[in-house]
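Trainee: Got a minute to go through this model with me? I'd like to work out what the side chains are up to.

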Amino acid sequence: MNAIFNKTIGEIVAEDFRTAAVFSKYKIDFCCRGDKTVEHVCEKKSINSDELVKELEESITSKNESVDFNSWPLDLLADYIVKTHHEYIREKVPPLTQFLTKVYKVHGERNPELKEILELFLQSSEDLLTHLKKEEMILFPFIRKMVEAKSSNQPMQPGHFGSIENPIAMMMDDHSVEGDRFRKISELSHGYTPPEGACNTYKVSFSMLDEFEQNLHKHIHLENNILFPKSIKMEASFN
């Protein structure tokens with residue numbers, strides 16, 4: 001038990017992503033706030049630590065296959081994030097914006113929280129699209145260059161931004177902002193539960209928002225808990 005109890009949430013999920021489902025069940029943030037230990041989170045949220053650890057251990061020993069992202073080369077992981085998670089955001093933002101706008105116009109008078117949900121999502125989508133460009137144009141190309149230099153045993157020139165820790169810190173700040181926004185959206189939407197008698201567009205909008213947040217959590221986890229710390233470590237290995 002102590003092996004899990006004293007690890008951070010991010011470390012546990014990085015080692016086996018199947019544990020993410022358990023943390024989600026207990027509403028424990030495994031991406032933006034993955035630097036907290038299981039002990040700390042259990043105390044703060046008044047969670048039965050024995051039950052949580054038992055469920056985590058069961059998820060790890062289950063026969064369901066889990067992709068071991070922790071073993072992937074950094075350039076492959078960066079490419080996967082772009083093709084899977086960046087493209088997901090670009091694909092889902094337009095229809096979600098359309099649906100949420102329609103739901104607010106039709107149901108906003110009776111459900112005033114829809115206005116804030118729409119505003120938060122619009123802010124999030126604008127900032128996320130800018131965030132993706134920064135990663136794709138600045139951070140990820142540098143990571144690929146490091147991997148190439150390491151594999152060919154060549155020296156690595158520093159980036160124009162200084163240490164890679166500088167852009168990574170900016171990206172992690174962005175992640176924290178989005179985590180806070182979606183926690184607020186989830187709260188306003190009562191955990192993405194549409195009101196009784198809601199129309200299909202209302203239901204679909206909340207279902208898509210729920211899926212969007214889950215995808216964002218996995219996206220942030222892969223970066224905060226695996227790609228970023230390993231990239232910092234790789235940069236240090238050139239010195």
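Trainee: Okay, starting simple: which helix holds R181?

Mentor: Keep in mind as we go that this is a predicted model. Residue 181 falls in the run 165-188. That run is the helix you're after, so the place of R181 is helix α8.

Trainee: Is R181 buried or exposed there?

Mentor: Its relative accessible area is 14%. Buried means under 20%, so R181 counts as buried.

Trainee: Which side chain does R181 touch in a polar contact?

Mentor: Look for a pair of N or O atoms within 3.5 Å. The side chain of R181 has such a contact at 2.9 Å. The partner is the side chain of D127.

Trainee: What about D29, where does it sit, and which side chain does it contact?

Mentor: D29 is in the loop between α3 (19-25) and α4. With a relative accessible area of 15%, D29 is buried. Its side chain makes a polar contact of 2.7 Å, and the partner is the side chain of R183.

Trainee: How many salt bridges does the whole structure have?

Mentor: As a general point, side chains of opposite charge can pair when their charged atoms come close. The cut-off used here is a Lys or Arg side-chain nitrogen within 4 Å of an Asp or Glu carboxyl oxygen. Searching the whole structure that way turns up 12.

Trainee: Take the salt bridge between K25 and E55: how many residues apart are they?

Mentor: Their side chains meet at 3.1 Å, N to O. K25 is in helix α3 and E55 in helix α5 (residues 49-61), so the pair links distant parts of the chain. K25 itself is exposed, at 55% relative accessibility. Along the chain, the two are apart by 30 residues.

Trainee: And which residue does K184 pair with in a salt bridge?

Mentor: Stay in helix α8 and go about one turn, 3 residues along. K184 is partly exposed at 30%, while its partner is exposed at 53%. The two side chains meet at 3.6 Å, N to O, and the partner is E187.

Trainee: Which residues do salt bridges with shared partners join into one network?

Mentor: You've met two of the members already, in the polar contact between D29 and R183. Salt bridges that share partners also bring in D180. The network is D29, D180 and R183.

Trainee: Which residues make up the patch of positive charge on the surface?

Mentor: To join a patch, a residue needs over 30% relative accessible area and no salt bridge. K45, in helix α4 (residues 38-45), is partly exposed at 43%, so K45 clears that area cut-off. The members are K27, K36, K44 and K45.

Trainee: S46 has a positive phi; what is its value?

Mentor: S46 lies in the loop between α4 and α5 and is exposed, at 67% relative accessibility. S46 is not a glycine, yet its phi is positive, at about 55 degrees.

Trainee: Last one: Y192 has a positive phi too, but is Y192 buried or exposed?

Mentor: Y192 lies in the loop between α8 and α9 (200-237), with phi near 60 degrees. Its relative accessibility is 9%, and under 20% is the cut-off. So Y192 counts as buried.

Methods
Residues are numbered from 1 along each chain as its sequence is written. This is a predicted model: local features need pLDDT of at least 70, side-chain atom pairs count only at pLDDT 80 or more; totals for chains, interfaces and linings use all residues. Side-chain values use heavy atoms; hydrogens and water are left out. Patches are made of residues with over 30% relative accessible area and no salt bridge: like charges are joined within 9 Å, nonpolar side chains (Val, Leu, Ile, Met, Phe, Trp, Tyr) within 5 Å. Accessible areas come from the Shrake-Rupley method with a 1.4 Å probe; for residues, only the protein chains shown count as cover. Lys and Arg count as positive and Asp and Glu as negative; His and the chain ends are not counted. The place of a charge is taken as NZ of Lys, CZ of Arg, CG of Asp or CD of Glu. Helices (H or I, at least four residues) and strands (E, at least two) are DSSP runs, numbered from the N terminus. Buried means under 20% relative accessible area, exposed over 50%, partly exposed in between (1.4 Å probe, protein chains only). A polar contact is a pair of N or O atoms within 3.5 Å; within protein, one must be able to donate a hydrogen and the other to accept it, and residues adjacent in sequence count only if both atoms are side-chain atoms.
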